[in-house]
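Reader: I am a first-year student, and I would like a close look at one part of this protein. Please start with a single side chain and its partner, then work outwards.

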Amino acid sequence: MGIKILHISDIHGDTYYINSIGNITENADAIVISGDFEDSEILNLLSNYGKPVYVVTGNMDPINIRTRIQRYLIEGRVILTGSIYLAGYPIGTETIKDLGSRLILVSHYPPYGTNVDKAWNGANIGSKSVRKLIEEVKPLAVLCGHVHESRGVDRIGSTVIVNPGPLFNGYYAIINVDDNGNINAELSKL
């Protein structure tokens with residue numbers, strides 16, 4: 001069974017687009033947020049659309065927010081959704097090493113040295129540890145955010161890397177995985 005994911009990131013507490021994303025969630029099987037939502041109420045609003053919500057935190061999320069979002073938080077955990085596993089970074093290689101072709105890694109930080117980790121000045125600012133994990137585990141995809149100006153889709157080997165861009169600017173991505181593990185990532189704007 002395939003899966004369709006609504007992937008968003010970098011909401012930064014702005015509910016404007018959360019209130020207008022409902023029609024997009026109708027056809028999604030899950031909502032995945034790659035950090036920097038900044039307010040637990042955002043996750044509660046998204047859960048009102050009746051789809052499972054999975055999240056990792058970002059550098060702008062308050063450290064004490066974790067206690068309020070446990071039901072959504074997948075950092076260090078593996079969740080089976082349809083025939084695909086979602087794993088939240090940070091997570092140990094041993095936990096996910098055998099899931100590669102059925103694994104989607106969710107990280108706030110993009111992997112270093114890709115087209116989705118370039119700052120406005122062209123410098124790569126992604127995570128070397130995320131890249132190392134990708135090279136070791138070879139997941140089907142990595143859903144990330146953080147670098148607002150590097151919205152896009154890239155690859156490391158066969159792993160598809162998706163940075164949907166910041167939702168506070170109306171950006172999101174739809175990730176479709178078919179029964180054979182083929183993946184399609186579509187970037188869109190509200």
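Author: Lysine 97 is partly exposed in this predicted model. Its relative accessible area is 41%. Why does that value count as partly exposed? The label covers the range between the buried cut-off, under 20%, and the exposed cut-off, over 50%. The partner of lysine 97 is glutamate 94, and the two form a salt bridge. Their closest N and O atoms are 3.0 Å apart. Glutamate 94 is exposed, because its relative accessible area is 61% and exposed means over 50%.

Now step back to the stretch just before this pair. A loop runs between strand β5 (84-88) and helix α3 (93-96), and proline 90 is found there. Look at the bond that leads into proline 90. Tyrosine 89 and proline 90 are joined by a cis peptide bond. Its omega is about 5°.

How many salt bridges does a search of the whole structure find? The search finds 4. The pair of lysine 97 and glutamate 94 is one of them. Two further pairs take us to helix α4. This helix covers residues 128-137.

Take glutamate 135 and arginine 131. Both lie in helix α4, 4 residues apart. That spacing is about one turn of the helix. Their side chains meet in a salt bridge, at 2.9 Å from N to O. Glutamate 135 has a relative accessibility of 41%, so it counts as partly exposed. Arginine 131 is also partly exposed, at 23%.

The next pair is glutamate 136 with lysine 132. These residues also lie in helix α4, and they too are 4 residues apart. Again, this is about one turn of the helix. A salt bridge joins their side chains, with 3.5 Å from N to O. Glutamate 136 counts as partly exposed, at 42% relative accessibility.

Next come some loop residues. Histidine 12 is found between β1 (3-8) and α1 (22-25). Its phi is positive, about 50°, although it is not a glycine. Histidine 12 counts as partly exposed, at 22% relative accessibility. Histidine 146 sits in another loop, between β7 (141-143) and β8 (152-156). It is not a glycine, yet its phi is positive, about 75°.

Threonine 67 lies in the loop between β3 (53-56) and β4 (78-81). Is it buried or exposed? Threonine 67 counts as exposed, at 67% relative accessibility. Compare its place in the chain with its place in space. Serine 40 is 27 residues away along the chain. The C-alpha atoms of threonine 67 and serine 40 are separated by 9.8 Å.

Finally, see the protein as a whole. There are 4 helices and 11 strands. The radius of gyration is 15 Å, close to the 16 Å that the globule rule gives for 190 residues, so the protein is as compact as a globular protein of that length. Its C-alpha atoms fill a box of roughly 40 × 40 × 30 Å along the principal axes. Of the 190 residues, 52% count as buried.

Contacts tell another part of the story. Among those with a separation of 6 or more, 53% involve residues 24 or more positions apart. The accessible surface comes to about 8,200 Å². Carbon and sulfur atoms hold 45% of this surface. The protein has 16 positive and 20 negative charges, and the mean positions of the two sets are 4 Å apart.

Definitions and conventions
Residues are numbered from 1 along each chain as its sequence is written. This is a predicted model: local features need pLDDT of at least 70, side-chain atom pairs count only at pLDDT 80 or more; totals for chains, interfaces and linings use all residues. Side-chain values use heavy atoms; hydrogens and water are left out. Helices (H or I, at least four residues) and strands (E, at least two) are DSSP runs, numbered from the N terminus. The radius of gyration is taken over C-alpha atoms; the globule rule is 2.2 Å times the number of residues to the power 0.38. Buried means under 20% relative accessible area, exposed over 50%, partly exposed in between (1.4 Å probe, protein chains only). Contact means heavy atoms within 4.5 Å. Accessible areas come from the Shrake-Rupley method with a 1.4 Å probe; for residues, only the protein chains shown count as cover. Lys and Arg count as positive and Asp and Glu as negative; His and the chain ends are not counted. The place of a charge is taken as NZ of Lys, CZ of Arg, CG of Asp or CD of Glu.
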